[in-house]
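Biologist: I should like to go through this model step by step, with each term explained when it is needed. Please begin with the vocabulary.

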Amino acid sequence: MFPASEDPTPQKTQLSPQRLSDAARSAWAKHDRKTDGWLPLWRHMADSGAVAEKLWDEWLPASVKRLVSEPFPGGEEEASRLVRFLASSHDIGKCTPAFACQVEQLAGRMRDHGLDMPTAKEYGQDRKLAPHGLAGQVVLQEWLGERFGLGARVAGQFAVVAGGHHGVPPGSQEIHDLQLRPHLVRHPGPSEALWRRTQYELLDWCVELTGVTDLWPSWRGVRLPQPAQVLLTAVVILADWLASAPELFPYAPESWHPLGASGERRRLRAAWEGLDLPGPWKPELPTASPQVLFSQRFPELQGAAPRPVQQEAVRMAGAMDPAGLLIIEAPMGEGKTEAALAAAEVLAARSGAGGVLLALPTRATGDAMFSRLLSWLDALPADGAPSRSVVLAHAKAALNETWSGLLRAGSRAIAAVEPDGDEQEPAPGGRGRSVPRHPAGLHAHQWLRGRKKQLLASFAVGTVDQVLFAALKSRHLALRHLAVAGKVVVIDEVHAYDAYMNRYLDRTLEWLAAYRVPVVLLSATLPAARRKALAAAYAGAEGAAAVETAVDAYPLLTAVSPGRTALTAQPAAASGRGTAVVLERMDDDLTTLADRLEAELADGGCALVVRNTVGRVLEAAEVLRERFDDRHVTVTHSRFLAADRAANDAALLRMFGPDGDRPARHVVVASQVVEQSLDVSFDLLVTDLAPVDLVLQRMGRLHRHPSFRPARLSTPGAWSPESTGRSRRPFPTRVPGPCTRVTGPCCARSPSSRPISTAFPYVCRTTSARWCRAPTVTNRSGRPRGARPSLRPLRATGRCSRRSGAGRTAFSWGRYGVPGGPCTGGWRPMRGTRTTAGPGGRRYGTARRPWRSWSSSDGPTAG
């Protein structure tokens with residue numbers, strides 16, 4: 001790989017750093033410019049390896065350890081030693097002249113011991129071609145080949161972990177460029193052989209330190225799968241970050257004296273106790289009946305029998321492959337969230353997952369779910385851990401009162417505890433060593449904060465983009481993969497995402513399947529085609545072959561896993577509940593709306609008016625406030641300042657939530673922010689025309705909770721204004737369960753016994769495209785002319801061009817992909833195989849090959 005030089009003979013390096021040569025002990029790893037303090041490279045290597053061992057033994061979930069251990073003959077014991085070695089050796093690239101020349105006084109000490117090098121100014125821009133991660137990968141791969149006879153491919157699958165420990169693994173071109181400049185790794189001349197011996201000496205010391213000397217020959221046949229490489233890199237990144245924190249591992253030599261095993265234990269104990277990182281969740285498999293389980297986990301449901309969907313979810317979670325996908329489809333208000341949490345507990349106990357991640361479509365729904373998660377966690381039995389880490393992960397999480405309270409309670413300085421004294425004696429200041437820094441219970445750990453680390457908490461609630469980032473090429477992607485790999489992932493309202501988010505979601509499900517992560521998907525209005533697509537993304541075409549596609553299968557539970565036949569259950573529809581919703585068309589006139597609401601609410605009641613745009617929300621609110629006055633009208637939409645919007649959502653839950661203090665008479669005018677996952681209940685609904693699944697979601701806010709209602713509002717009603725302004729006679733809409741079937745004049749050709757996807761001729765069963773309105777003039781295929789698909793790109797690069805022919809209408813949306821015609825099935829492929837549209841219309845690469853290791857596959861591979 002580099003010009004041949006004197007081959008150093010393996011040295012019998014002892015564990016004590018005093019046995020290292022002067023040159024090896026002069027290499028440096030950290031420097032504090034303010035205090036001019038520095039940390040030797042050997043010291044950082046030992047700290048990183050010790051922290052990695054602690055993370056493996058006390059923090060990583062069992063499911064992650066099992067996945068990483070599978071390729072090794074000795075199982076978890078060998079995998080643990082490998083993790084410690086990779087963490088110890090990951091910074092070997094700092095023992096190169098390109099790195100060491102950065103601090104002149106420390107470079108001078110190395111020159112004094114024979115390690116010659118130019119100055120940073122003399123290197124110029126070439127030095128940037130040898131970042132220490134890349135240099136470390138090259139040196140480690142070369143050392144493995146010479147010391148243990150590992151081939152380039154086998155050695156490379158281990159060395160890439162060192163190369164990627166700063167967030168992005170090096171590419172082949174970067175490696176090639178460095179190979180053309182060997183002087184950046186070892187200074188040519190008389191000192192070249194000494195540079196080589198010193199690098200090998202430090203790696204030999206790491207091998208002895210971690211006890212893997214005798215294991216390397218047996219690992220020649222090991223093939224690390226791509227997911228294992230990613231997880232190993234993530235653990236090394238965390239170990240490096242912790243070992244690099246001077247507040248935990250000080251630079252002062254006194255902190256690791258006396259030299260030897262006792263000094264090492266003393267230094268590590270002080271840092272680990274100061275960090276006080278909560279361990280993973282370790283649930284036991286529930287043995288109680290579903291009724292007992294739900295009454296214990298959800299005290300507010302005591303005395304009520306679990307609904308059929310909830311009972312079936314628990315049964316299915318116990319019968320399916322624990323590394324599988326469970327799709328729960330049931331009407332709104334049926335208790336899908338409780339069913340998902342109960343199933344998550346069963347799946348976590350069976351799979352070894354160490355936490356739960358709940359992904360919601362919006363920040364408002366995430367805030368509402370966070371309180372429900374905390375209530376569930378309070379009801380869980382103790383698993384031996386003194387505390388559990390939780391996080392609310394979205395951009396405005398700090399505005400949530402519950403989360404901000406946890407942040408204040410968990411704020412503290414992360415620092416090593418006083419290391420002096422015996423382990424059993426209290427430290428100076430009265431703090432006992434056996435007492436954790438955090439009290440028992442739930443807390444927001446100070447260290448597990450920030451964009452890259454927050455999802456590493458055991459229990460997380462966030463917006464769905466936090467999960468979809470796993471399918472996005474980004475720096476430190478390995479940490480996001482580690483965060484989801486050790487949890488049960490629950491994604492709510494899975495029907496609510498457009499074609500572009502669905503592309504990310506499909507890719508994310510492929511990665512979750514590669515990590516064998518249990519996944520629970522929830523929806524009230526999931527088209528059959530999308531159900532099969534989600535199952536195929538996780539389990540492959542073979543695993544999804546037996547997925548139910550009948551149009552009348554509802555409620556429905558589907559469980560799939562790679563290589564196994566799909567399981568299906570169809571519990572009793574809507575738990576025997578029935579709600580008849582009277583749907584009435586009315587003029588799109590604000591005065592008429594105010595008159596009707598005044599008449600309907602004459603004896604009291606609460607109405608929800610949902611508009612599709614903020615402008616229409618403000619227009620309606622202005623008229624209604626004049627009629628009802630400000631005290632009886634609430635306005636909420638997405639353009640409020642973040643703090644005000646959070647306050648609005650909290651106020652809605654206080655008034656219209658399950659135990660809300662409902663006003664006698666009130667009108668809420670809102671945009672689409674209230675239509676999904678917000679547990680509020682109203683007596684009357686006024687909704688703009690919208691895709692049918694969204695109309696049904698809005699209907700799910702009607703009569704959701706038991707409460708007193710005036711006689712005239714005892715039957716839930718929904719009004720929909722016509723944009724033509726012409727008056728239409730009202731027609732009844734029957735919804736057995738909150739919303740499973742809809743009939744009326746616009747779909748008179750479809751019998752009332754047929755489900756949504758056929759009752760409305762404007763929902764395409766092939767592509768799941770939805771049509772916004774139902775004009776009476778149709779083309780030869782029976783579909784309305786002039787209809788527009790509701791699936792829109794985040795940003796189109798070209799003009800929307802309409803092409804009609806053969807009884808259909810298609811729309812082209814530039815390069816981001818187009819509907820392939822309403823009934824031709826699927827979307828046209830996007831230009832370019834590695835990019836897709838992201839938030840704000842920007843183009844991102846999907847993580848088809850996020851880890852440039854030694855596999856040619858574009859997705860997660862087995863080796």
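Modeller: Helices (H or I, at least four residues) and strands (E, at least two) are runs assigned by DSSP and numbered from the N terminus. The model is predicted, so local features need pLDDT of at least 70 and side-chain atom pairs pLDDT 80 or more, while totals for chains, interfaces and linings use all residues. Residues are numbered from 1 along each chain as its sequence is written, and side-chain values use heavy atoms, without hydrogens and water.

Biologist: How many helices and strands are there in the protein, and what share of its residues is buried?

Modeller: The protein contains 27 helices and 22 strands. A residue is buried under 20% relative accessible area, exposed over 50% and partly exposed in between, with a 1.4 Å probe and protein chains only. Of the 863 residues, the buried share is 57%.

Biologist: Where does Pro258 lie, and what is omega near for the peptide bond that leads to it from His257?

Modeller: Pro258 belongs to the loop between α12 and α13 (261–275). The bond from His257 to Pro258 is cis, and its omega is near 0°.

Biologist: Which loop holds Pro555, in the peptide bond from Tyr554 to Pro555?

Modeller: The peptide bond from Tyr554 to Pro555 is also cis, with omega near -10°. Pro555 lies in the loop between α22 (528–543) and β10 (556–560).

Biologist: Is Asp276 buried or exposed, and what is its relative accessible area?

Modeller: Asp276 lies in the loop between α13 and α14 (290–297). Its phi is positive, about 55°, although Asp276 is not a glycine. Asp276 is buried, because its relative accessible area is 18%.

Biologist: What distance does helix α21 reach from its first C-alpha to its last?

Modeller: Helix α21 covers residues 499–514, which is 16 residues. The expected span is 1.5 Å times one less than the number of residues. That gives 22 Å for α21, and the distance reached is close to it, at 23 Å.

Biologist: Which residue has a side-chain oxygen that reaches the backbone nitrogen of Tyr500?

Modeller: A polar contact is a pair of N or O atoms within 3.5 Å; within protein, one must be able to donate a hydrogen and the other to accept it, and residues adjacent in sequence count only if both atoms are side-chain atoms. At the start of α21, the oxygen lies within 3.1 Å of that nitrogen, and it belongs to Asp498.

Biologist: How many aromatic pairs does a search of the whole structure find?

Modeller: Rings of Phe, Tyr and Trp (its six-membered ring) pair if their centres lie within 6.5 Å; planes under 30 degrees apart are stacked, over 60 edge-to-face and the rest tilted. By this rule, the number of aromatic pairs found is 18.

Biologist: Why is the pair of Phe158 and Trp216 classed as it is, and how many residues apart in sequence are the parts it ties together?

Modeller: The ring centres of Phe158 and Trp216 are 5.1 Å apart and the planes are at 90°, so the pair is edge-to-face. Phe158 lies in helix α9 (residues 152–163) and Trp216 in the loop between α11 (192–210) and α12 (226–243), so the parts tied together are apart in sequence by 58 residues.

Biologist: Which residue shares a side-chain polar contact with Thr687?

Modeller: Thr687 is in strand β16 (residues 684–687). Thr687 is buried, because its relative accessible area is 2%. At 2.8 Å, the polar contact joins its side chain to that of Arg698.
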